[in-house]
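Visitor: I am new to reading protein structures. Could you walk me through this one, step by step?

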Amino acid sequence: MLHRGRESTDGDGGPAVPMAWFYAEYIADELLRTGDLMPPTSAEFRAGRDALALTVFLSDTDGELSGIRVITQLETWLSLTAYDQPWQEWVQQRLDDLAADAAASGRGAPGPDLELAVEAWRWLRETELLAPDLNAVPGGGAAGEDEEPKVWTPAWQLGLPLGHLAIHLF
């Protein structure tokens, strides 16, 4: 996918457009919207979209992700985002490998696709979201809400299961 991101939109050698990242983000957005799990304006939706976009982008090792291959990749994305998988280590390793490949090829700085992927990963690691209380009783008493401890968690830990569920629902 990285090679597509090095292209200019008008062919004149202008700035490279991160088409591979944009396409991965589009796929992730569509999966989450189809699942209708969160409002698209929520931070949780962004966490799910970024986690899925990273999964889509980094799993395309051949640089050939096309519209027709999306359906064939769903099982791969499901396995990568499964609860018992070390997704965060896989993401960091793939990003490191892509950066090393860029440096070894003489391009120096990573391309715009990789830059956006690294930025998404940074946001997912550094942003903390309030974890939902999964033990809450629907319609339960509002009197003791302030007494309950608040649990903050890195955005990727909420976004990853949300993305996994969206793939299932697709």
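Guide: Let us begin with the aromatic rings. In this predicted model, Trp87, Trp121 and Trp156 form a cluster linked by ring pairs.

Visitor: How many aromatic pairs does the count come to?

Guide: The count comes to three aromatic pairs. One case to look at is Trp21 with Phe57: the ring centres are 5.6 Å apart and the planes stand at 75 degrees, so this pair is edge-to-face.

Visitor: By what is a pair of aromatic rings described?

Guide: Two things describe it: the distance of the centres and the angle of the planes. An angle over 60 degrees counts as edge-to-face, and the planes of Trp21 and Phe57 are at 75 degrees.

Visitor: Which parts does the pair of Trp21 and Phe57 tie together?

Guide: Trp21 belongs to helix H2 (residues 19-35) and Phe57 to helix H3, so the pair joins parts that lie 36 residues apart in sequence.

Visitor: Are these two residues buried or exposed?

Guide: Here one cut-off helps: buried means under 20% relative accessible area. Trp21 has 2%, so Trp21 is buried. Phe57 is buried too, because its relative accessibility is 3%.

Visitor: Where is Asp50 placed, and what does Asp50 touch?

Guide: Asp50 sits in helix H3, which spans residues 43-59. Leaving aside residues up to four places away in sequence, Asp50 touches Glu25, Ala120, Trp123 and Leu124. Its side chain also makes a polar contact with the side chain of Arg49, at 3.5 Å.

Visitor: Why does Asp50 count as buried?

Guide: Asp50 counts as buried because its relative accessibility is 3%.

Visitor: Trp123 came up just now. Which residue lies over the face of Trp123?

Guide: That is Arg46, at 3.9 Å from the ring centre.

Visitor: Now for the whole protein. How many helices and strands are there?

Guide: There are seven helices and two strands. Read from the N terminus, the order is α-α-α-α-α-α-β-β-α.

Visitor: What share of the residues is buried, and what area does the protein expose?

Guide: The protein has 170 residues, and 40% of them count as buried. The protein exposes about 9,700 Å², with 55% of that supplied by carbon and sulfur atoms.

Visitor: And how should I read the contacts along the sequence?

Guide: Take the contacts between residues at least 6 apart in sequence: 73% of these join residues at least 24 apart. Trp21 and Phe57, a ring pair that ties together parts 36 residues apart, are a case to revisit in the model.

Definitions and conventions
Residues numbered from 1 in each chain as written. Predicted model: local features only at pLDDT ≥ 70, side-chain atom pairs only at ≥ 80, totals over all residues. Heavy atoms only, no water. Helix = DSSP H or I, 4+ residues; strand = E, 2+ residues; numbered from the N terminus. Buried < 20%, exposed > 50% of the residue type's maximum accessible area, 1.4 Å probe, protein only. Contact = heavy atoms within 4.5 Å. Areas by Shrake-Rupley, 256 points an atom, 1.4 Å probe, with all protein chains shown as cover. Polar contact = N/O pair within 3.5 Å; in protein donor to acceptor, adjacent residues only side chain to side chain. Phe/Tyr/Trp six-rings, centres within 6.5 Å; stacked < 30°, edge-to-face > 60°. Lys NZ or Arg CZ within 6 Å of the ring centre and 35° of its normal.
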